[in-house]
Protein chains: 2
Amino acid sequence: MDRRQQKTRLAIYDALTKLLTKRRFEDITVQEIIDEANIGRSTFYSHFETKDQLLEEMCNEMFSHVFSDSLMPEGSHDFSGNHADIRALLEHILWHISDHKDNIGSIMYGESEKLFTRYFSEYLEKTFGELISHMDIDVSEEFKKQFVIGSFISTVKWWIATGLKQSPSEIINDYITCLLGSKAG
Amino acid sequence: MDRRQQKTRLAIYDALTKLLTKRRFEDITVQEIIDEANIGRSTFYSHFETKDQLLEEMCNEMFSHVFSDSLMPEGSHDFSGNHADIRALLEHILWHISDHKDNIGSIMYGESEKLFTRYFSEYLEKTFGELISHMDIDVSEEFKKQFVIGSFISTVKWWIATGLKQSPSEIINDYITCLLGSKAG
DNA sequence: AACTTTCTGAACATCGTGTTCAGTAATATG
DNA sequence: CATATTACTGAACACGATGTTCAGAAAGTT
């Protein structure tokens, strides 16, 4: 790929990242991104059709990093015993998120939260598969799945919204405690 | 209040309600609302500063209806035993929601989901107060609260998004089952 | 009937979006 | 190094939505 393209693309990403630390996504203007990235107007539009497409691609990249090494080959986890594996896995995801905190925080705060939720949900579905099948609760698989994923995402949102005051391991502990119920220990 | 004002306001509400059955909120134009309501442009703006303010007021009204009779005087509920009271209360809320299904569905589907979540969360905080204090789980009150409310809202969102295929009582049963854990029966 | 309030709608200023295009600069290729 | 290719530039433009203004018409009130 042409070096110029790489440079431009990076400049746009960096510009948006920087602007996201100050302003919510939907309050950021394409012109602002262009100015911050120091590129020409038509250059931006030759890379991305719209501002939303840019966000879409950024989110995609971000989540693929966050989840990249947490989806190890199937069968390599032990979800049946004391849940040590799933704990480590979820904790790992939270560490990644706290690295991207400024970005994710700004994205989540605005209306683009929806996009965040969608991606998060998609990736979690793969991650939680085994955990869910090991829960012996008398509700449909579908319901179990939405409950586990939904409560996890809302927990993470809450964690970010209140400023990451707890450590990832504290959050995961509390989450699993609530999920499995106090009497399950 | 002048009859003309009432008429206008109602026309605007009805117009938005009708448009929401076809299109997401953020894809609806002020001009469309004006045309559908059959009023003059400046009339709209003399009633509402922006389209968002209109949505805000509509949501407010909707939720105050949904929760109106579910917040009975304190102490009149029994949340300790078999949870019959809280079950009835939550079920009641879901029935209201299914009445407003077209509206709520469209609002939730779009980016304005955020507003929905905020209102829902505020109202639920009052409703869930007692239930939470009766859960003996070893996590902070704050965490318990966010977990209970967050998982409930995500469950309701899922319920609406998948087309209200279960009855309110089924949803509440499954929700409480998951929340308290299978081993708590 | 006189007075007050609301509604009307065209005209306007403003802003953001996305496109176009001729000119310029960087890069790849032989 | 010369040439062809590809990418960047930025002003100009068309478009669409927002929100304001204001003088006149219509409806409501007393």
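**DNA surface and chain pairing in a predicted model**

In this predicted model, DNA strand D is surrounded by 21 residues. The closest are Thr8(A), Ile39(A), Gly40(A), Ser42(A) and Ser42(B). Both chains supply helices to the surface near DNA strand D. From chain A, helix H1 (3-20) and helix H3 (41-47) each give at least two residues. From chain B, helix H1 (3-20), helix H2 (30-37) and helix H3 (41-47) each do so as well. H3(A) gives the most, with four residues. By class, the surface near DNA strand D holds three nonpolar, ten polar and eight charged residues.

The two protein chains were then compared. Chain B can be laid on chain A with an RMSD of 0.1 Å. The operation is a turn of 180° with a shift of 0.0 Å along the axis. The two copies are therefore related as by a two-fold rotation axis. Both copies use the same surface: 100% of the contact residues of chain B recur in chain A. Within chain B, the residue that comes closest to the rotation axis is Ser151(B), with its C-alpha at 2.2 Å.

The contact between the chains takes 25 residues from chain B and 25 residues from chain A. On the side of chain B that touches chain A, helix H7 (113-133), helix H8 (141-161) and helix H9 (168-180) of chain B give two or more residues. The largest share comes from H8(B), with ten residues. This side of chain B has nine nonpolar, eight polar and eight charged residues.

Notes
Residues numbered from 1 in each chain as written. Chains lettered and ligands numbered in written order. Predicted model: local features only at pLDDT ≥ 70, side-chain atom pairs only at ≥ 80, totals over all residues. Least-squares fit on C-alpha atoms with pLDDT ≥ 70 in both. Contact = placed C-beta atoms within 7 Å. Nonpolar A, V, L, I, M, F, W, Y, C, P; charged D, E, K, R; others polar. Near = placed C-beta within 6 Å.
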